[in-house]
Amino acid sequence: MSKVDVLGVQFDNYSEEEFRQKILAQFSEKKPTFVVTANPEIVMKARENQKLLQMINEADFVTPDGIGVIKAANMLQTPLSERVTGYDLFEFFMKQANRKEYRVYLVGAKPEVITAVNKKVQTKYPHIHLVGLKDGYFEESIEVVAEEIYQAKPDFVFAALGFPKQEQLLNLLKKLELPAVMMGVGGSFDVFSGQIKRAPKLFQKLHLEWLYRALRNPSRFKRLLIIPRFLKAVKKQVKANENTSH
Ligand code: UDP
């Protein structure tokens, strides 16, 4: 099965390596490629807003970003291959862009973070052509920003504005038919710049990155409350499926 439905969001059932290759293949054909990395928080927000749900389901690729989505797919007896995070894909595509000297546009995060991101790109990925760098607290409309990005002719656009703003911006670029890989990466610039530390490997292995982040930044704790609501909704879906299959 190539699509897995979790509370209305249609996830692509690929391994991380398959996502990488399929996205690059589409890019090499010059097709506008919009990638959504959806976590439980995004699924819950999309459930409450038909327009957002439709926007996600019209994306070219939807990856399961978070162990919660993997658990949900198991509960629904339609398992997904593996967790594929925005941050890991971002790192992979940046490496690729460096190797191939691609044009990259980065938009999002606080001004001091984007400045630190710029420095890090210069040292870590010196062959990348940074054709745009913009913090995520702009006053213009996303239509104006989309046009600005379009004019810069990037091969890759990474938007770190949080959901749904980043996806709305990328969706506009997709409609403008920008022949690029366009991906929302949430808080990735904060991590990449060193502003926020990624969880130690042990936390990553145990799929407890969310816990590490919440411990370091208690204001995130209330966002975790979404998880029990998410699991409750999945259980309800499991029951509904059982009833229709009998
Ligand atoms: N952000 C932004 N503009 C805004 C709101 C948020 O650039 O108007 C940035 C924020 O600075 C952070 C990122 O968007 O770098 C979202 O981070 P969050 O931790 O919410 O994302 P997650 O990874 O949880 O989706």
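Biologist: Which residues come nearest to the ligand in this predicted model?

Modeller: Among the 14 residues around the ligand, the nearest are G136, Y137, G187, D190 and R223.

Biologist: How do you know that the side chain of Y137 makes a polar contact with the ligand?

Modeller: The cut-off for a pair of N or O atoms is 3.5 Å. An N or O atom in the Y137 side chain lies 2.8 Å from a ligand oxygen atom, so the pair counts as a polar contact. The side chain of D190 also has an N or O atom 2.7 Å from an oxygen atom of the ligand, and for R223 the distance is 2.7 Å. As for cover, the ligand has 550 Å² of accessible area on its own, and the protein covers 75% of that.

Biologist: And what makes up the shell around the ligand, by residue class?

Modeller: Happily, that is quick to list: four nonpolar, five polar and five charged residues.

Biologist: Turning to the helices, why is α1 called oblique to α5?

Modeller: Helix α1 (residues 16-28) packs against helix α5 (residues 86-100) at about 45°, with the axes 11 Å apart. Roughly parallel needs an angle under 35 degrees, and roughly perpendicular runs from 65 to 115, so α1 is oblique to α5. Their crossing is right-handed.

Biologist: Then why is α4 described as roughly parallel to α13?

Modeller: Helix α4 (residues 67-75) and helix α13 (residues 226-245) cross at roughly 15°, and their axes come within 10 Å. Angles under 35 degrees count as roughly parallel, therefore that name fits α4 and α13. The crossing of α4 and α13 is right-handed.

Methods:
Residues numbered from 1 in each chain as written. Predicted model: local features only at pLDDT ≥ 70, side-chain atom pairs only at ≥ 80, totals over all residues. Heavy atoms only, no water. Near = heavy atom within 4 Å. Polar contact = N/O pair within 3.5 Å; in protein donor to acceptor, adjacent residues only side chain to side chain. Areas by Shrake-Rupley, 256 points an atom, 1.4 Å probe, with all protein chains shown as cover. Nonpolar A, V, L, I, M, F, W, Y, C, P; charged D, E, K, R; others polar. Axes fitted to C-alpha atoms, helices over the stretch in contact; angles between N-to-C directions. Helix = DSSP H or I, 4+ residues; strand = E, 2+ residues; numbered from the N terminus. Parallel < 35°, antiparallel > 145°, perpendicular 65-115°, else oblique. Left-handed = near helix turned anticlockwise from the far one by under 90°.
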